[in-house]
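User: Please take a close look at one part of this structure for me. I am in my first year, so keep the sentences short and go step by step.

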Amino acid sequence: MTAVPTAPYRPSAEQLATLREAVARVAAARGPVLPFGIGPLDHLLAGGGLDGAGLHEVAGASASWSDDAAATLFAAGIAARFAASPGVSALWALTRFDLYAPGLEQAGLAPGHILYAQGTSDRDLLAMCEDALRDGSLACVVAEVKAADQTATRRLQLAASEGNTPMILYRRYRRYGQCPLADPSLAMTRWRIGTLSSGRLASPGVGRGRWNVELVRQRGGPPFSLELEACDDQGRLALPAATADRAVAPGRTDTVAFGHAA
């Protein structure tokens, strides 16, 4: 007996419309994606950029002052680009006020786009950030802490999703030699920033700073590291000039190093 071929299933117009609405709702809940504007970096990021409704973590590559400053400016550059639109501000929360405002401005975070909040403990600070995230009126929330357990990061991720607001959690070192990113977390991305020697200039002077930008872990994508030039006054990173001007052969990843998630 010969089998009768069946026609392929075709969803109706109503079913397609329902599916499109569901996809639109998910996209709206996920929030805007902020690309770095650097091809090799955005290509390796799941979604092509930072989720504007998620938790992202940053730490220095070491407890040194130079790496601490680099991680601070990396976070400031991200916050500056989230807060680039007129009339919006980023919140920077911390327990000990040791920020250098002119340095933040050099990374693009001008005084008119930043609000400061100070808490008595990491726990109080994180609770404050949850409220700020759920309010939904801020362009970005940045918090500096030494301790945030998995439950705290889960609450921050949920608050960021509910308020459609990005959260940058800067984890400071508690113990010398123990990376803060070793603690478990539900963050969508985890970054480790270290300083490198700046490039030489044609004339005497100090060139633009260089960082080793390492994505230790991300949801839905591989870990990797890149050598990049530090943030400019718009919060933008850049490929080193020698790398940007050099033609890369097909299949080569000269400036990208892949690793294993921590």
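Analyst: What follows is a walk along one helix, its core and its aromatic partners, with a stop at a neighbouring strand.

This is a predicted model. The chain has 7 helices and 11 strands. Of its 262 residues, 44% count as buried. Many contacts reach far along the sequence. Among contacts with a separation of 6 or more, 64% join residues 24 or more positions apart.

Now pick out helix α3, residues 65-82. How far apart are its end C-alpha atoms? They are 26 Å apart. At 1.5 Å a residue, the 18 residues should span 26 Å, so the model agrees with the expected value.

Is α3 enclosed or open to the outside? Count its buried residues: 14 of the 18 are buried, so the helix is largely enclosed by the rest of the structure.

Next, see what α3 gives to the interior. In soluble globular proteins, nonpolar side chains tend to be buried together. Here, the largest nonpolar core has 42 residues, and Phe74, Trp92 and Trp191 touch the most other members. Several elements supply at least two residues each, including α2 (39-44), α3, β4 (90-94), β8 (189-196) and β9 (210-218). The largest share, 9 residues, comes from α3. Apart from this core lies another one, of 21 residues, with Leu91, Cys129, Ala132 and Val141 among them.

Zoom in on Phe74. Its relative accessibility is 1%, under the 20% cut-off, so Phe74 counts as buried. Which residues does Phe74 contact, beyond its neighbours within four places in sequence? The list is Phe36, Val58, Trp191, Ile193, Trp211, Val213, Cys231 and Leu237.

Some of these contacts are aromatic. Phe36, Phe74, Trp191 and Trp211 form one aromatic cluster. The structure holds 5 aromatic pairs. One of them joins Phe74 and Trp211. Their ring centres are 6.5 Å apart, and the planes meet at 70°. That makes the pair edge-to-face. Phe74 sits in helix α3 and Trp211 in strand β9, so this pair ties together parts that are 137 residues apart in sequence. Trp211 has a relative accessible area of 5%, so this residue is buried too.

Now move to strand β7 (167-171), which also supplies at least two residues of the 42-residue core. How many residues of β7 are buried? The count is 5 of 5, and the strand is mostly covered. Met167, Leu169 and Arg171 point one way from β7. Ile168 and Tyr170 point the other way.

β7 has partners. Strand β3 (residues 55-60) pairs with β7 in the parallel sense, over 4 bridges. There, Glu57 has Leu169 as its bridge partner. β6 also pairs with β7 in the parallel sense, over 5 bridges. On that side, Ala143 stands opposite Leu169.

One more residue links to this strand. Thr153 lies in helix α6 (residues 150-163). Its relative accessibility is 0%, so Thr153 counts as buried. Beyond residues up to four places away in sequence, Thr153 touches Leu169 and Arg171 of β7, and also Glu57, among others.

Last, look at the loop between α6 and β7, where Asn164 is found. Asn164 is not a glycine, yet its phi is positive, at about 55°. At 36% relative accessibility, Asn164 counts as partly exposed.

Definitions and conventions. Residues are numbered from 1 along each chain as its sequence is written. This is a predicted model: local features need pLDDT of at least 70, side-chain atom pairs count only at pLDDT 80 or more; totals for chains, interfaces and linings use all residues. Side-chain values use heavy atoms; hydrogens and water are left out. The expected span of a helix is 1.5 Å times one less than its number of residues. Buried means under 20% relative accessible area, exposed over 50%, partly exposed in between (1.4 Å probe, protein chains only). A nonpolar core is a set of buried Ala, Val, Leu, Ile, Met, Phe, Trp, Tyr and Cys residues joined through side-chain atoms within 4.5 Å. Contact means heavy atoms within 4.5 Å. Rings of Phe, Tyr and Trp (its six-membered ring) pair if their centres lie within 6.5 Å; planes under 30 degrees apart count as stacked, over 60 as edge-to-face and the rest as tilted. Two strands pair if DSSP finds at least two bridges between them.
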